[in-house]
Amino acid sequence: MPKTREDLTSLIDSFEEATQYWISTISDPASISKIQAAQVPDPINELLKSIKLLKAHTTKTGIIFKPENLKKELDTAFNTLSKLSETLILTISIISQLDVSSISKLFHNEIINQVKQLLESNHMFSKELKLIFEDIDNDVEKELKKDEMDGRLLAVAKIWSNCDSLVKLIENGSLSLLTDKIKQSILLLEDGFEDFEEWAENPEEIDDDPFGFSDDEDEENSEEPPADNEDEEESVEVDREELITYAKKWLKKIELIKLLIASFKKSLPKTTPGESIDTIYAMQTRLVSLVDKFIVDLMLDRTIDKEIESYTTSLNKESIKLAHIARDLHKDKKASWYQTWETKYNSI
């Protein structure tokens, strides 16, 4: 039986409501676990197939909902949009089947995040389809406004982009995602390292606000007259030398920490379990944060206090632990590299 305008209107409404529902559902980890999971032997591979299929169905839907096509092809429009909706539901059921422990929480979360973006683009697409069909449904005999036409094409382009990003993510896998995160961490480490290296040569040459937290007026008001007591000057000089020695020691250690983190960009075996990937990601993130806090506090306060010592204690502990994890994951000569790294780190 041929489809009526009412049938297509109802389908578009259902598509809009469904995408909004799935956006809300996928935003809540507890809700995701309640979704009826697909029963496929290889969910990652099936997810890849469904994303590619979604892109194809989106293309067909975008074409058939061109106003001049839609007027003549209600049945085709209904069937095409139905297939797009069904493929979206299949995609959701597949991600519900994904095993976090095997693919890593990091990878799983990124997949969920990108599928959510895909759903949001489809929700926008549903609104554009509704606008187009309302004009057709009301027999508006006028050329579709340019912004409405652009809305349909923009929605299709966004879905294409979402699909391409997901395909790349899935094909590259969890280790590649970890590598991308580590590259970001290395950039963060290097960001303040050069300033710290320069400062370590002569801490006295940098003003009391090396990061520009205070304005010029505050700095002028807080200026103190130079000490005119020889004993006090000698004390400051001793503290300065101690600070330089301490800073240069940690320059070497931070260099090694950076080298340790960078080693994970290419060295991890393909068989690395998801749990290990998550542990490495969490630890290297914490190390970057600790290094940043250590550098900022030492440069600002110029004192080796309990807070600085707490940072260094944690840095030592976390770095050695991370090296042990890496050594245990490798069954080849790379394991000895981490042993050598640990020996060198402890010798500083």
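In what order do the elements of the chain run from the N terminus on? They run α-α-α-α-α-α-α-α-α-α-α-α-α, and the count for the chain is 13 helices and 0 strands. The model described here is a predicted one. Of its 348 residues, 43% count as buried. A look at the contacts shows how the chain folds back on itself: when residues at least 6 apart in sequence are considered, 84% of the contacts between them join residues at least 24 apart.

A good place to begin is the interior. The largest nonpolar core of the model holds 92 residues, and Leu-8, Phe-196 and Phe-294 are those with the most contacts inside it. Helix 8, which spans residues 146–201, supplies the largest share of this core, with 17 residues. Where does the core lie with respect to domain 1 and domain 2? Domain 1 (5–138 + 145–172) and domain 2 (239–347) each give residues to the core, so the core lies between them. Phe-196 offers a closer view of the contacts made by one core residue. Leaving aside residues up to four places away in sequence, Phe-196 touches Ala-247, Leu-251, Ile-254, Ile-295, Leu-298 and Met-299, as well as Phe-294, and Phe-294 is itself one of the residues with the most contacts inside the core.

The packing of helices can be followed pair by pair, starting with helix 5 and its partners. Helix 1 covers residues 5–26, and its axis comes within 10 Å of the axis of helix 5, the two crossing at roughly 15 degrees. Helix 1 is therefore roughly parallel to helix 5, since angles under 35 degrees count as roughly parallel. The crossing of this pair is left-handed. On the helix 1 side, the residues in the contact include Leu-8, Leu-11, Ile-12, Phe-15 and Trp-22. On the helix 5 side, the residues they meet include Leu-74, Phe-78, Leu-81, Leu-88 and Ile-92. Leu-8 thus appears in this helix pair and also among the residues with the most contacts inside the largest nonpolar core.

Helix 5 (residues 74–97) also packs with helix 3 (residues 43–64), at an angle of about 160 degrees and with the axes 9 Å apart. How are helix 3 and helix 5 oriented to each other, roughly parallel or roughly antiparallel? Angles over 145 degrees count as roughly antiparallel, and helix 3 and helix 5 are therefore roughly antiparallel to each other. The crossing of helix 3 and helix 5 is left-handed.

Another pair is found towards the end of the numbering. Helix 12 and helix 13 (residues 334–347) have axes that come within 8 Å and cross at roughly 165 degrees. That angle makes helix 12 roughly antiparallel to helix 13, and the crossing is left-handed. The residues of helix 12 in this contact include Leu-315, Asn-316, Ile-320, His-324 and Arg-327, and those of helix 13 include Tyr-338, Trp-341, Glu-342 and Tyr-345.

Two lysines show how helices can carry residues with different surroundings. Lys-317 sits in helix 12 and is exposed, with a relative accessible area of 60%. Its C-alpha atom is separated by 10.0 Å from that of Leu-287, which is 30 residues apart from Lys-317 along the chain. Lys-158 belongs to helix 8 and counts as partly exposed, at 38% relative accessibility. Lys-158 touches Ser-121 and Met-124, with residues up to four places away in sequence not counted. From Lys-158 to Phe-125, the C-alpha to C-alpha separation is 9.1 Å, for residues 33 apart in sequence.

Finally, two loop residues deserve a look for their backbone angles. Ser-104 lies in the loop between helix 6 (100–103) and helix 7 (105–137). Its phi is near 90 degrees, a positive value in a residue other than glycine. Is Ser-104 buried or exposed? Ser-104 is buried, with a relative accessible area of 0%. Arg-302 is found in the loop between helix 11 (274–301) and helix 12, and its phi, near 55 degrees, is likewise positive in a residue other than glycine. At 21% relative accessibility, Arg-302 counts as partly exposed.

Methods:
Residues numbered from 1 in each chain as written. Predicted model: local features only at pLDDT ≥ 70, side-chain atom pairs only at ≥ 80, totals over all residues. Heavy atoms only, no water. Core = buried A, V, L, I, M, F, W, Y, C linked by side-chain atoms within 4.5 Å. Buried < 20%, exposed > 50% of the residue type's maximum accessible area, 1.4 Å probe, protein only. Helix = DSSP H or I, 4+ residues; strand = E, 2+ residues; numbered from the N terminus. Domains from an automatic or database assignment. Contact = heavy atoms within 4.5 Å. Axes fitted to C-alpha atoms, helices over the stretch in contact; angles between N-to-C directions. Parallel < 35°, antiparallel > 145°, perpendicular 65-115°, else oblique. Left-handed = near helix turned anticlockwise from the far one by under 90°.
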